[in-house]
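Me: I'm new to this one and would rather start small. Pick one spot, look at it closely, and then lead me outward from there.

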Amino acid sequence: MIVRVLLVEDQVALSKALRQGLEEEGFAVDTALDGEEADVKASGTNYDVVVLDIMLPKIDGLTLLKKWRAAGVKSHILMLTAKGSLGDKITGLDTGADDYMAKPFELEELLARIRALVRRGHQQKDPIIRIHDLSLDTAARTAERAGQKIHLTPREYALLEFLAFHRGAVVTRTMIWEHLYDEYDENTSNVVDVYIRYLRNKIDKGFENPLILTRWGEGYMLRGEDDKGATTPSTPNLAPIVKTKK
C-alpha cells in the first residue's frame, strides 16, 4: 500500500533493519534518530503512520506525542518501546497514541498493526477492497479483476491501493508522489504517469470498462461504484513534478 511512514528509533542497527522490512512491504519510509529530527519531519510532512520510540535523545517520545496532538497532527502514532508495563501502555494511549508495542517484537506483527491503522484511517475494516469486478487483498497485497489474478510489483500495488482507498475521488500527481516516495528516493519528472500507464496495462487492458480514469488538469481516480461517465483513460501531458531534497 502507499503508506508514508516516519520511523523514529535511536538504535541505528534496529532502525536500519526496520526500515528495510517496511520498504520490502512497499512502504515509503523516512527515519529520525532523535526527537528533534523527528519533530522537524513530523511537523513538515503528512505521514500516514509514525512509529515512535519513547526513549529518545534530545526530546522523548511522550513529549513529542503531546506536542503533535496539541498542534493537530493527525498521523496515526504507534509507540514502540522497551517500556512494556500496563501503566506505560495506558500513559501512551491516553496521551494520544493509536497503538502500542513493546520490544522485543516480531516484524510481521508491526506490519500488521500498521496496515490496520491505515485501514482505520480510511474507514476500511475489511482487508478486502472490492470495486466493480476488481478486488484487492490488503493483507496479502494481491489483486484480481473478474477472477483473474494480476501480477503487480510492490510499487504498482501500492499505487493501485492508494487509488482504491480514494476510489471515486480525484488524487493529484503531487498526492501520489508524496505517498509513493520517501526522502531517499531519487526518482523525478513523470514517474507518476509512467506507473499509471503500467497499471492501466495490467488492470484495464482487455476489459471493456476502464477503471483507472484521468481528470484533465486535475489528476487520476479509480472509478467509484456510482461513476458511470466515460472519462478518458489516457494520460494527460502535464508538467513534470520535480522533487526537492529535504
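Reply: Asp99 sits in strand β5 (residues 99–102). Strands, by the way, are DSSP runs of E with at least two residues, helices are runs of H or I with at least four, and both are numbered from the N terminus. What you're looking at is a predicted model, with residues numbered from 1 along each chain as its sequence is written. Local features need pLDDT of at least 70 and side-chain atom pairs pLDDT 80 or more, while totals for chains, interfaces and linings use all residues, and side-chain values use heavy atoms, without hydrogens or water.

Is Asp99 buried or exposed? It's buried, with a relative accessible area of 16%. Here buried means under 20% relative accessible area, exposed means over 50%, and partly exposed is in between (1.4 Å probe, protein chains only). Setting aside neighbours within four places in sequence, Asp99 is in contact (heavy atoms within 4.5 Å) with Ile77, Leu78, Met79, Leu93, Arg113 and Leu117.

Two of those names lead on to the nonpolar cores, so here's what a core is: a set of buried Ala, Val, Leu, Ile, Met, Phe, Trp, Tyr and Cys residues joined through side-chain atoms within 4.5 Å. The largest one has 45 residues, and Ile114, Leu160 and Leu222 touch the most other members. Helix α6 (residues 154–165) gives this core its largest share, 7 residues. Leu78, which Asp99 touches, turns up again among the contacts of Ile114, next to Leu22, Phe27, Val49 and Val51, once neighbours within four places in sequence are left out. A separate core has 19 residues, and its members include Leu6, Leu64, Val73 and Met79. Met79 is also one of the contacts of Asp99.

Another contact of Asp99, Leu93, takes us to the helices. Helix α4 covers residues 86–95, and its axis comes within 9 Å of the axis of helix α3 (residues 61–70), crossing at roughly 20°. These axes are lines fitted to C-alpha atoms, for helices over the stretch in contact, with angles running from 0 to 180 degrees between N-to-C directions. That makes α3 and α4 roughly parallel; the label goes to angles under 35 degrees, while over 145 is roughly antiparallel, 65 to 115 roughly perpendicular, and the rest oblique. On the α3 side the contact uses Leu62, Leu65, Lys66 and Arg69, which meet Thr91, Gly92 and Thr95 of α4. Sorted by class, that's 2 nonpolar, 3 polar and 2 charged residues. For this sorting, Ala, Val, Leu, Ile, Met, Phe, Trp, Tyr, Cys and Pro count as nonpolar, Asp, Glu, Lys and Arg as charged, and the others, Gly among them, as polar.

Now for a different arrangement: α6 and α8 pack at about 85°, with axes 10 Å apart, so they count as roughly perpendicular. From α6 come Arg155, Glu156, Leu159, Leu160 and Leu163, and from α8 Tyr195, Ile196, Tyr198, Leu199, Lys202 and Ile203. This contact divides into 8 nonpolar, no polar and 3 charged residues.

Two of its members also pair up: Lys202 and Glu156 form a salt bridge, with their closest N and O atoms 2.7 Å apart. A salt bridge means a side-chain nitrogen of Lys or Arg within 4 Å of a carboxyl oxygen of Asp or Glu. This one spans 46 residues of chain, from Glu156 in α6 to Lys202 in α8 (residues 191–203). Lys202 is partly exposed at 29% relative accessibility, whereas Glu156 is buried at 5%. Elsewhere, salt bridges with shared partners tie Glu9, Asp53 and Lys103 into one network.

There are 16 salt bridges in the structure. Another is the pair Arg4 and Asp30, at 2.9 Å from N to O. It ties strand β1 (residues 4–8) to strand β2 (residues 28–32), its partners being 26 residues apart. Both Arg4 and Asp30 are buried.

Stepping back, the chain has 8 helices and 11 strands. Buried residues make up 49% of its 246 residues. And of the contacts between residues at least 6 apart in sequence, 60% join residues at least 24 apart.
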